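Please open the structure in a viewer and keep the sequence beside it. This tour proposes a series of selections and describes what each one shows.

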Amino acid sequence: MFLILFDQKLHIAPITSSPIRVIDLGCGTDIWCMDFADEHPSSDVLGVDLSPIQPSFTPPNCIFEIDDVTSSWTWPLNYFDFVNIRSLYGSIASWRALYAEIFNHMTPGGYLHQLEMSVQFESDDGTLASDHVLSQWSDVFHDASKKFRESFYEVWNLSRYIRNQGFVDAVERIYKVPVNGWPADPHLKELGRWDYLHITQGAEGWGLMLLTKVMGWSVQEAQVFIAKFRNGVRERKEHAYLEVVVIHARKPGA
């Protein structure tokens with residue numbers, strides 16, 4: 001979905017040459033790392049995640065480590081030329097602390113690239129009512145994130161935190177991604193179809209813990225709400241979308 005959004009690019013940071021040392025924070029299944037390593041054979045790419053779910057077969061210039069990026073970093077200072085973050089919202093207790101670690105361990109002139117997706121469903125034409133299940137989903141998740149102390153509202157503060165940390169040339173771009181294939185535009189329609197798959201497959205994984213452990217719902221109540229949510233995502237008369245926030249910034253120096 002994000003490759004379609006970025007016209008088949010892995011990022012939109014204005015790097016002019018292949019970075020030497022690259023790190024992907026919260027790499028998940030290591031897909032981004034492997035693709036970047038293939039495109040930049042002169043780069044050494046490191047993927048870091050809490051879960052050992054990465055494949056054993058990777059490009060020779062791509063490795064992964066099990067680590068918690070919210071702990072104090074043990075890598076050398078001024079070490080990484082490119083830092084990638086994708087969809088870590090809700091997982092970071094202090095973005096300011098993480099950006100401080102990134103800044104200190106990044107080479108002068110290196111780039112930070114981050115992509116986060118809002119949980120706030122919206123429409124520009126008023127077709128998404130406040131009592132629709134998509135709106136209810138957003139409200140519940142924002143309430144849960146406040147109780148969880150990892151607010152989903154932070155997505156709108158990230159660029160400010162990055163600038164305050166000392167990064168320069170910070171650029172924030174906001175993309176509207178449809179929740180299904182409702183747009184007439186072929187590009188947006190294809191993007192929406194992938195987002196529909198992304199949302200419907202991810203709903204239970206996103207919602208079950210927050211709804212039960214944080215909000216105190218029963219598993220049955222949570223499953224019913226998730227099922228209603230999936231049905232709501234299918235509806236095309238609501239021209240709903242989610243905003244994707246993309247930020248890239250540079251550490252001052254060479």
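Begin by selecting the aromatic side chains: a search of the whole structure, which is a predicted model, finds 17 aromatic pairs. Select tryptophan 32 and phenylalanine 82 from among them; these two residues form a stacked pair, with 6.2 Å from centre to centre and 10° between the planes. The pair links distant parts of the chain, 50 residues apart. Tryptophan 32 belongs to helix H2 (residues 31–39), while phenylalanine 82 belongs to strand S4 (residues 80–86).

Are these two rings buried or exposed? Residues with a relative accessible area under 20% count as buried. Tryptophan 32 has a relative accessibility of 6% and is therefore buried. Phenylalanine 82 has 0%, so this residue is buried as well.

Next, select tryptophan 137 and phenylalanine 141. They form another stacked aromatic pair, with 4.5 Å from centre to centre and 25° between the planes. Where do the two residues lie? Both are in helix H4 (residues 133–148), where they stand four residues apart, about one turn of the helix. Tryptophan 137 is buried, since its relative accessible area is 3%. Phenylalanine 141 also counts as buried, at 4% relative accessibility.

Keep this pair selected and add Tyr89, Phe121, Phe152, Trp217, Phe225 and Phe229. Together with Trp137 and Phe141, these residues form one aromatic cluster.

Now move to the beginning of the chain and select isoleucine 4, which is placed in helix H1 (residues 2–5). Its relative accessible area is 12%, so isoleucine 4 is buried. Which residues does isoleucine 4 touch, if those up to four places away in sequence are not counted? They are His187, Glu190, Leu191 and Trp194. Display the C-alpha atoms of isoleucine 4 and tryptophan 194: they are separated by 9.2 Å, although the two residues are 190 residues apart along the chain.

Then select histidine 248, found in strand S7 (residues 241–250). With a relative accessible area of 5%, histidine 248 is buried. Leaving aside neighbours within four places in sequence, show the residues in contact with histidine 248: Ile12, Ala13, Pro14, Tyr111, Leu112, His113, Asp169, Ala170 and Val171.

Finally, clear the selection and display the whole protein as a cartoon. How many helices and strands does the protein have? There are seven helices and seven strands. Following the chain along the sequence, one meets them in the pattern α-β-α-β-β-β-α-β-α-α-β-α-α-β. The radius of gyration is 19 Å, close to the 18 Å given by the globule rule for 254 residues, so the protein is as compact as a globular protein of that length. Turn the model to view its principal axes, along which the C-alpha trace spans about 50 × 40 × 40 Å.

With the whole chain in view, consider its contacts. Of those with a separation of 6 or more, 71% are between residues 24 or more positions apart. Buried residues make up 50% of the 254 residues in the protein.

Switch to a surface display. The accessible surface comes to about 12,200 Å², and carbon and sulfur atoms account for 53% of this area. As a last step, colour the residues by charge: the protein has 21 positive and 32 negative charges, and the mean positions of the two groups are 4 Å apart.

Conventions. Residues numbered from 1 in each chain as written. Predicted model: local features only at pLDDT ≥ 70, side-chain atom pairs only at ≥ 80, totals over all residues. Heavy atoms only, no water. Rg over C-alpha atoms; globule rule 2.2 N^0.38 Å. Buried < 20%, exposed > 50% of the residue type's maximum accessible area, 1.4 Å probe, protein only. Contact = heavy atoms within 4.5 Å. Areas by Shrake-Rupley, 256 points an atom, 1.4 Å probe, with all protein chains shown as cover. Lys, Arg positive; Asp, Glu negative; His and termini not counted. Charge placed at Lys NZ, Arg CZ, Asp CG, Glu CD. Phe/Tyr/Trp six-rings, centres within 6.5 Å; stacked < 30°, edge-to-face > 60°.
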